[in-house]
Amino acid sequence: AAKPLAALDEREIEWENSAFIRSPDGRVIQYQAASIEIANTRDRALRLALDQARAKLVKDEHAPLRLERLQREKEYIESLGVAADYNASFEAVTGISLGTLGTSCERFLRDTESMWNDTLPRVLKKSLGIKPSQAKRADALALFRASEFDYAFPGKEMETVIRRQVSEMGMDPTADGRIIFDVGEREGKRSRAFCSPVRVPEEVYLVLRPHGGQSDYSTFLHELGHALHFAYASPDYPFEFRWLGDNSVTEGYAMLFDHRMQDGGWLLRYTSLGTNRVGKYLRTAGFEELHFLRCYCAKFLYERALYSGEVRWSELPDLYVSLLTKATGFEYDAADAFVDVDPRYYSARYLRAWQLQSVLNEELTARFDVDWFRNPSAGPWIANELFAQGQRESAEEIATRAGAGTLSFQPLVRKIESLLA
């Protein structure tokens with residue numbers, strides 16, 4: 001019965017691989033690479049025109065494919081009779097309460113609203129020369145490309161530097177050859193980085209298409225967190241513990257690694273930012289973190305409404321625009337309402353992962369000091385206590401084992417306040 005969904009996925013992938021947009025200056029740009037192109041375009045008029053061309057293509061061709069996929073998935077899940085509807089089925093199967101997470105998202109948006117409203121106008125004026133009332137989502141892409149720090153994150157040194165850090169932590173970055181790196185540029189490579197565990201733990205691929213600068217470092221660290229987690233999973237565990245379980249866990253480990261990009265000590269040791277620039281860089285990182293979290297909280301609240309069946313499909317684009325625009329201050333495009341949806345509530349996994357990594361960072365700091373990332377005792381502890389367990393435990397169980405009562409956004413609010421200070 002899931003076959004029709006697979007056919008729809010195939011159709012979408014085929015469409016994505018062949019679609020392209022024409023830029024106002026006559027270039028032909030692969031749809032897959034459109035967001036990279038928009039982010040790298042300094043000329044605002046051209047950037048907005050590119051995004052308009054992208055949005056038109058999405059509205060005409062991509063969104064209808066995705067809408068059908070979402071509708072069929074909802075019907076299919078509800079036909080299984082696991083629970084009353086899609087949302088209740090998700091809760092029954094995963095043990096994750098959408099209500100509890102929704103409440104903490106609403107609270108996070110409330111708690112950080114004034115901090116966001118204080119910070120955003122300054123950054124927009126300084127970086128892009130625009131007012132918040134003008135800001136569009138395409139501007140956000142350009143803003144977070146933040147190329148002023150690129151010099152400190154040279155592409156050709158990335159893999160060497162990060163492998164060195166993992167080695168200093170007392171862990172083999174290739175997990176004894178079980179991790180295979182594919183981080184070069186080549187035609188037709190997907191713009192999204194991913195980690196592909198082909199056989200857990202024996203054969204794990206880390207794939208990244210370089211965009212340039214700090215975002216590559218952050219992405220590489222994230223995917224390396226996944227790869228190490230899978231490659232160090234206990235080989236004698238049953239299939240379920242090695243492959244399945246709560247993906248908030250593997251995303252939490254990925255974020256534990258990528259959050260080194262918000263760690264002053266890490267940046268000073270492994271990049272050429274230097275003492276005088278690191279404070280400025282960290283404020284930028286705090287701003288970006290706050291943006292992403294506010295964005296994901298709003299996305300989750302939107303997806304909960306989408307799957308609830310309480311809002312008509314035709315009314316969802318307006319809801320999408322209002323929730324995301326209010327949370328971020330960037331005006332979103334209604335065309336993206338069905339395309340910008342993570343399948344099967346992956347947004348919930350990300351949000352819980354954010355909470356989990358902040359708990360784990362506090363635990364590692366307590367055990368191995370603030371520079372745990374270069375403490376040769378930390379790597380073996382992470383490998384044995386965390387990675388070897390696969391995903392046998394839920395994010396809550398790991399948080400409890402690490403000495404935290406529950407998962408919450410509170411440590412993240414504290415961390416962001418200190419970065420923006």
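Accessible areas here come from the Shrake-Rupley method with a 1.4 Å probe. On that basis, the accessible surface of the protein amounts to about 18,500 Å², and carbon and sulfur atoms contribute 52% of it. The model is predicted, with an average pLDDT of 93 and 99% of the residues scoring at least 70.

**The whole chain**

Begin with the entire protein in a cartoon view. Its secondary structure consists of 17 helices and five strands. The radius of gyration is 21 Å, close to the 22 Å given by the globule rule for 421 residues, so the protein is as compact as a globular protein of that length. Along the principal axes, the C-alpha trace extends over about 55 × 55 × 45 Å.

Of the 421 residues, 53% count as buried. Among contacts with a separation of 6 or more, 74% are between residues 24 or more positions apart. If the charged side chains are displayed, 53 positive and 62 negative ones appear, and the centres of the two sets lie 4 Å apart.

Next, colour by confidence. The lowest mean, 81, belongs to helix α9 (residues 239-243), and the highest, 98, to helix α13 (residues 316-328).

**Helix α3: two lysines**

Select helix α3, residues 44-79, and find Lys-59 within the helix. Lys-59 counts as exposed because its relative accessibility is 59%, above the 50% cut-off. Beyond residues up to four places away in sequence, Lys-59 touches Pro-64 and Ala-335. Add Phe-338 to the selection: this residue is 279 residues from Lys-59 in sequence, yet the C-alpha atoms are 9.5 Å apart.

Move along to Lys-74, which also has its place in helix α3. Is Lys-74 buried or exposed? With a relative accessible area of 11%, Lys-74 is buried. Show its surroundings: outside the residues up to four places away, Lys-74 touches Tyr-86, Tyr-307, Ser-308, Gly-309 and Trp-313.

**Helix α6: Ala-142**

Select helix α6, residues 137-143, and centre on Ala-142. This alanine is buried, at a relative accessible area of 2%. Its contacts, leaving aside neighbours within four places in sequence, are Ile-38, Ala-39, Arg-42 and Arg-47. Asp-43 is 99 residues from Ala-142 along the chain, with 9.9 Å between their C-alpha atoms.

**Two loops with backbone features**

Go to the loop between α7 (155-168) and β3 (179-182), and select Asp-176. Although Asp-176 is not a glycine, its phi is positive, at about 55°. Asp-176 is exposed, with a relative accessible area of 60%.

Continue to the loop between β4 (194-199) and β5 (203-207), where Pro-201 is found. Which kind of peptide bond joins Val-200 and Pro-201? The bond is cis, with omega at about 0°.

**From α13 to α14**

Select the loop between α13 and α14 and locate Tyr-345. Tyr-345 has a positive phi of about 55° and is not a glycine. At 0% relative accessibility, Tyr-345 counts as buried.

Finish at Arg-349, in helix α14 (residues 346-368). Arg-349 counts as buried, since its relative accessibility is 11% and the cut-off is 20%. What is Arg-349 in contact with, leaving aside its neighbours within four places in sequence? Displaying side chains around Arg-349 reveals Phe-90, Thr-94 and Ile-96, together with Asp-246, Asn-247 and Ser-248.

Conventions: Residues are numbered from 1 along each chain as its sequence is written. This is a predicted model: local features need pLDDT of at least 70, side-chain atom pairs count only at pLDDT 80 or more; totals for chains, interfaces and linings use all residues. Side-chain values use heavy atoms; hydrogens and water are left out. Helices (H or I, at least four residues) and strands (E, at least two) are DSSP runs, numbered from the N terminus. The radius of gyration is taken over C-alpha atoms; the globule rule is 2.2 Å times the number of residues to the power 0.38. Buried means under 20% relative accessible area, exposed over 50%, partly exposed in between (1.4 Å probe, protein chains only). Contact means heavy atoms within 4.5 Å. Lys and Arg count as positive and Asp and Glu as negative; His and the chain ends are not counted. The place of a charge is taken as NZ of Lys, CZ of Arg, CG of Asp or CD of Glu. pLDDT is the predictor's confidence in each residue, from 0 to 100.
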